Amino acid sequence: MATWLGCAKGDVECADGACPVGYRCVAATGLCEVESNGPALQTSLFGAIAAVGKPTGPPVVVGFAKDRQSLAVIDGDAVNFLAGPAANSSQQPAGQASAAVRSEDGDLHIAWVRDADHTLWHALGHGGTWQVDQISEAKAGTVARPVAMGWWQGQPVIAWRAGDAAAVRVGRRQASGNWAIQALPPPPPPRKGAAPTNDMGRSLALATPSAGLTIATYDGTHGDVLLSVDSGDGWSTARLAGTDPTSGADTGDMGHPLALAVGPDGELVLAYRNASRSAVMLARAAKGVVSHELVASGNVVGPAGTEQRDWIGSNLSLAVRSDGKAAVAWSNGSRWNIELGLQKPAGGFARISPPASMVGKGKQLWPAISGGSAIWLSWVAADASRGPSGSRVVQWAVPAEAWK
């Protein structure tokens with residue numbers, strides 16, 4: 001989408017600041033023109049990204065272009081700005097947190113937060129054709145980060161952290177185009193005498209397994225993974241990790257962050273961080289039975305046999321192959337790189353990193369893993385010397401032999 005604005009008279013040098021962020025002034029025409037930032041994958045995103053798989057080729061990437069203060073959608077060689085000054089010079093910065101899902105007909109639904117007024121927005125479309133609307137039912141001032149998105153019963157569903165209450169809210173789009181908003185019920189305290197939960201949703205994820213619409217959130221009060229399920233009779237919320245289900249004893253700080261996916265048989269798959277042990281975990285829930293296993297530990301052997309602990313899992317992403325094997329991507333904050341855990345046919349996880357030829361210099365941040373015809377890993381590569389404008393998106397198709 002191209003937007004033209006007046007900046008100066010033709011053949012006259014443009015005044016400083018005449019054009020908004022993301023535009024350059026063309027002196028020959030006296031118009032502000034959207035800047036070209038090179039190939040699509042060189043567009044500078046900075047912050048957590050969403051990646052939505054396609055039938056073939058690399059996924060669509062959605063994220064915040066910090067230098068342009070705008071929400072960008074990268075699809076192959078095409079870049080579209082949906083919100084913020086790069087989309088329209090009169091708009092406030094927008095898209096600081098976003099989520100995306102593909103509908104059954106192939107269109108993308110994208111949700112994002114505008115921090116300036118704490119509002120929630122939604123776009124439907126593909127390519128350069130988008131319908132953008134503010135979700136007015138989520139009142140201004142009540143929306144905070146993060147945001148998650150899914151597809152349920154033929155309509156998009158959005159979950160977000162409330163900005164005016166200790167709660168997570170859920171919005172379901174109706175056939176009329178309006179949104180029905182409700183709050184997730186908090187769980188009972190984990191044990192007798194424990195404080196009530198008053199901090200929900202610093203991490204959250206949404207999925208639609210066979211059990212029903214499911215939202216995983218982080219209970220910041222007790223350091224637990226909360227799982228809320230609506231199977232058609234209203235929400236039920238339980239503690240999945242961080243509290244012993246029998247004794248109620250605290251078993252560690254779990255679930256910040258977390259990620260959800262659905263297996264081929266409709267089972268729920270959850271990746272979460274055990275912050276107490278610096279570990280990445282995987283849980284599967286099928287037919288009422290939940291199993292947990294270790295994906296990767298931050299404990300490593302240092303020089304002369306000494307032990308040290310890497311800070312792993314500060315960002316998480318999850319996808320499941322058609323054969324049910326899980327792929328988990330996370331950040332190693334001690335080494336500033338991305339690591340990947342691939343579930344092996346014989347059990348356990350192979351722990352690998354992207355090939356050195358794709359990494360280059362700088363830091364690897366904010367992984368996003370997606371399925372489709374192949375498992376793709378996308379991440380933000382940042383050059384500290386250049387700041388946010390020096391970051392770029394890198395995409396890697398995980399080879400089949402990496403799973404063996």
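This is a walk through two well-enclosed strands, their neighbours, and a few backbone oddities.

Keep in mind that the model is predicted. The protein chain has a mean pLDDT of 88, and 88% of its residues reach 70 or more. There are weak spots, though: over residues 1–13 the pLDDT is below 50, and this stretch makes 41 contacts in the model beyond near neighbours in sequence. Residues 36–40 also have a pLDDT below 50, with 10 contacts in the model beyond near neighbours in sequence. Where pLDDT is low, the predicted coordinates should not be read in detail.

Now go to strand β18, residues 224–230. Seven of its seven residues are buried, so β18 is largely enclosed by the rest of the structure. In a regular strand the side chains alternate between the two faces of the sheet. For β18, that puts Asp224, Leu226, Ser228 and Asp230 on one side, and Val225, Leu227 and Val229 on the other, and all of these are buried. Buried here means under 20% relative accessible area.

What sits alongside β18? On one hand there is β17 (residues 213–219), which runs antiparallel to β18 and is joined to it by seven bridges. If you want a landmark, look for Ala216, which stands opposite Leu227 in β18. β17 and β18 make a hairpin with four residues between them, and Gly223 in that turn has a positive phi of about 70°. On the other hand there is β19 (residues 235–241), paired with β18 in the antiparallel sense over six bridges. Here the landmark is Arg239 in β19, the bridge partner of Leu226. The hairpin of β18 and β19 has four residues between the strands too, and in this hairpin Gly232 takes a positive phi near 120°.

Further along the chain, take a look at strand β31, residues 376–382. Seven of the seven residues of β31 are buried, so this strand is largely enclosed by the rest of the structure. Trp376, Ser378, Val380 and Ala382 are on one side of β31, with Leu377, Trp379 and Ala381 on the other, and both faces are covered.

β31 belongs to an open sheet of three strands in the order β30-β31-β32, with antiparallel pairing. β30 and β32 stand at the edges with a single partner strand each, so one side of each is left without a neighbour in the sheet. From one strand to the next, the twist averages 25°. Six bridges join β30 (residues 363–370) to β31, and six bridges pair β31 with β32 (residues 392–397). Leu377 is a handy residue to click on: Ile369 stands opposite it, and its bridge partner in β32 is Trp396.

Finally, some backbone details. A cis peptide bond joins Arg145 and Pro146, with omega about 0°, and Pro146 lies in strand β12 (residues 143–152). The peptide bond from His256 to Pro257 is cis as well, with omega near 10°; Pro257 is found in strand β20 (residues 254–262).

Two residues other than glycine have a positive phi: Ser278, near 50°, and Trp336, near 55°. Ser278 lies in the loop between β21 and β22 and is buried, with a relative accessible area of 3%. Trp336 is in the loop between β27 and β28 and is partly exposed, with a relative accessible area of 43%.

Conventions: Residues are numbered from 1 along each chain as its sequence is written. This is a predicted model: local features need pLDDT of at least 70, side-chain atom pairs count only at pLDDT 80 or more; totals for chains, interfaces and linings use all residues. Side-chain values use heavy atoms; hydrogens and water are left out. Buried means under 20% relative accessible area, exposed over 50%, partly exposed in between (1.4 Å probe, protein chains only). Helices (H or I, at least four residues) and strands (E, at least two) are DSSP runs, numbered from the N terminus. Two strands pair if DSSP finds at least two bridges between them. pLDDT is the predictor's confidence in each residue, from 0 to 100. Contact means heavy atoms within 4.5 Å. Axes are lines fitted to C-alpha atoms, for helices over the stretch in contact, and angles run from 0 to 180 degrees between N-to-C directions.
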